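Here are my notes on this model, point by point. Please read them with the structure open.

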Amino acid sequence: MRFKRAWVTIFVLLLVSPLFGVILAEIVGYHEPLDVAAELLGKKDLTEEVNWTPFLDYTIPWLPAEIGYIVSGFIGVALIMFIGFLAKKASARAKAS
Amino acid sequence: MHIPDGYLDPTVSAATYIIFLAYFVYALKFMRKGFSSEKATLLSVLASGIFVAQMLNWPIPGGTSLHFVGGALAGILLGPWLGFLTIFLVLLVQCLIFHDGGITALGANSINMAIVDVLVGYLIYYVAVKYFGKRGSVIGAFLGGWAGITLAGLACGLEIGFSPSFPYGVSVTVPVMTLWHLGLGIVEGAITASIVAYLARRMPELLYSGVRV
């Protein structure tokens with residue numbers, strides 16, 4: 001399997017991701033640099049007021065934040081892989097015709 | 001770097017969407033030409049890796065954080081057009097599924113990370129390898145990653161600064177965003193260079209296919 005090491009790395013990073021995205025973030029109380037700058041300049045983030053997804057900010061309803069973060073990561077990777085698979089199929093079909 | 005909903009004025013939001021869509025349409029013919037089954041696999045792996053890397057927020061004491069963006073790396077590995085598609089795919093999934101980055105700012109975020117970061121990273125790497133051969137590869141990747149994210153920050157500063165409802169203009173937002181990313185960009189450059197150095201040893205065919213060395 002080509003890119004086996006890359007997939008293993010992605011899998012491991014997904015498993016440790018809550019350490020950075022949830023646990024350390026809560027300890028340090030971080031915001032994205034842009035959010036910090038915008039807050040200083042008085043701009044309002046409407047993300048929570050105008051929301052359409054149950055997976056807001058990599059959370060899964062009913063799951064603890066850490067587990068939800070990992071599951072969100074798998075959902076994202078699965079979607080990207082699915083789109084890549086469709087693109088690969090389309091490319092093969094275009095070449096065959 | 002991901003602009004959320006509420007930061008951009010509707011006019012700026014519409015303008016950035018138009019620029020992004022025009023670039024997308026222009027890039028399509030180059031994407032089709034360079035697309036293959038092999039490239040589709042690399043694109044999926046790279047987009048997945050960048051998506052996960054962007055989830056790894058490194059909190060910085062003082063209340064901010066940084067994460068790898070990966071635009072320059074995508075440009076280096078897949079070229080400017082498929083690199084653009086790679087980062088756009090990541091941004092699209094982040095925006096639609098996790099609302100990370102606003103839907104009204106998807107055009108702007110795509111300009112910053114999928115166009116500016118990718119193009120700048122690719123061009124600097126290309127020039128470094130073209131003139132210095134394989135010796136220029138790692139330093140080209142470092143400078144590409146650094147400059148790419150810095151100029152993406154500059155573009156972001158322009159977009160929020162040109163929003164008429166914003167309390168400060170570009171004279172404030174551009175220096176704030178550019179200087180911030182000039183510092184954070186060192187880490188982006190270092191990670192990009194590390195990955196390129198690793199690939200140069202393990203899978204060099206991924207690095208030099210678009211550049212005569």
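What radius of gyration would a compact globule with 213 residues have, and what does chain B have?

1. Overall size of chain B. The compact-globule value for 213 residues is near 17 Å, and chain B has 17 Å, so the two agree. The radius is taken over C-alpha atoms, and the globule rule is 2.2 Å times the number of residues to the power 0.38. Along the principal axes, the C-alpha trace of chain B spans about 50 × 40 × 30 Å.

2. Ground rules. This is a predicted model, in which local features need pLDDT of at least 70, side-chain atom pairs count only at pLDDT 80 or more, and totals for chains, interfaces and linings use all residues. Residues are numbered from 1 along each chain as its sequence is written, while chains are lettered from A and ligands numbered from 1 in the order in which they are written.

3. Confidence. The model scores ipTM 0.89 and pTM 0.92. pLDDT is the predictor's confidence in each residue, from 0 to 100. Chain B averages 89, with 93% of its residues scoring at least 70. Chain A has a mean of 85, and 82% of its residues reach 70 or more. Within chain A, helix α2 (residues 33-40) has the lowest mean of the elements, 67, and α3(A) the highest, 91. Treat α2(A) with that value in mind.

4. Secondary structure. Helices (H or I, at least four residues) and strands (E, at least two) are DSSP runs, numbered from the N terminus. Chain A has three helices and zero strands. Chain B has six helices and two strands. From its N terminus, chain B runs α-α-β-β-α-α-α-α.

5. Burial and contacts. A residue is buried if 20 or more other C-beta atoms lie within 10 Å of its own, exposed if 12 or fewer, and partly exposed in between; C-beta atoms are placed from the backbone. Buried residues make up 24% of the 97 residues in chain A. For the 213 residues of chain B, the figure is 61%. Two residues are in contact if their C-beta atoms, placed from the backbone, lie within 7 Å. Among contacts with a separation of 6 or more, residues 24 or more positions apart account for 57% in chain A and 73% in chain B.

6. Helix α1(A). This helix covers residues 4-28 of chain A, 25 residues in all. Its end C-alpha atoms are 35 Å apart, close to the 36 Å expected. The expected span is 1.5 Å times one less than the number of residues. There is a bend of about 45° at Val16(A), and Pro18(A) follows within four residues. The bend is the angle between axes fitted to the seven residues ending at a position and the seven starting there. Buried residues of α1(A) include Ile10(A), Leu14(A) and Pro18(A). The buried residues of this helix pack against α3 (65-96) of chain A together with α2 (37-55) of chain B. Leu19(A), also in α1(A), is partly exposed because 13 other C-beta atoms lie within 10 Å.

7. The core. A nonpolar core is a set of buried Ala, Val, Leu, Ile, Met, Phe, Trp, Tyr and Cys residues joined through C-beta atoms within 7 Å. The largest has 85 residues, of which Leu46(B) and Ile87(B) touch the most other members. Elements of both chains give two or more residues to this core, among them α1 and α3 of chain A and α6 (170-202) of chain B. The largest share, 18 residues, comes from α3(B). Beyond residues up to four places away in sequence, Leu46(B) touches Ala74(B), Leu77(B), Leu78(B) and Thr86(B). In α2(B), 16 of the 19 residues are buried.

8. His181(B). This residue lies in helix α6 of chain B. It is buried because it has 28 C-beta neighbours inside 10 Å. Outside four places in sequence, the contacts of His181(B) are Ile149(B), Thr150(B), Ala152(B) and Gly153(B).

9. Backbone check. Most residues other than glycine have a negative phi. Tyr58(A) has a positive phi near 65°, and Trp62(A) one of about 75°. Tyr58(A) is in the loop between α2 and α3 of chain A, as is Trp62(A). Is each buried or exposed? Tyr58(A) is buried, with 24 C-beta neighbours inside 10 Å. Trp62(A) is exposed, with 8.
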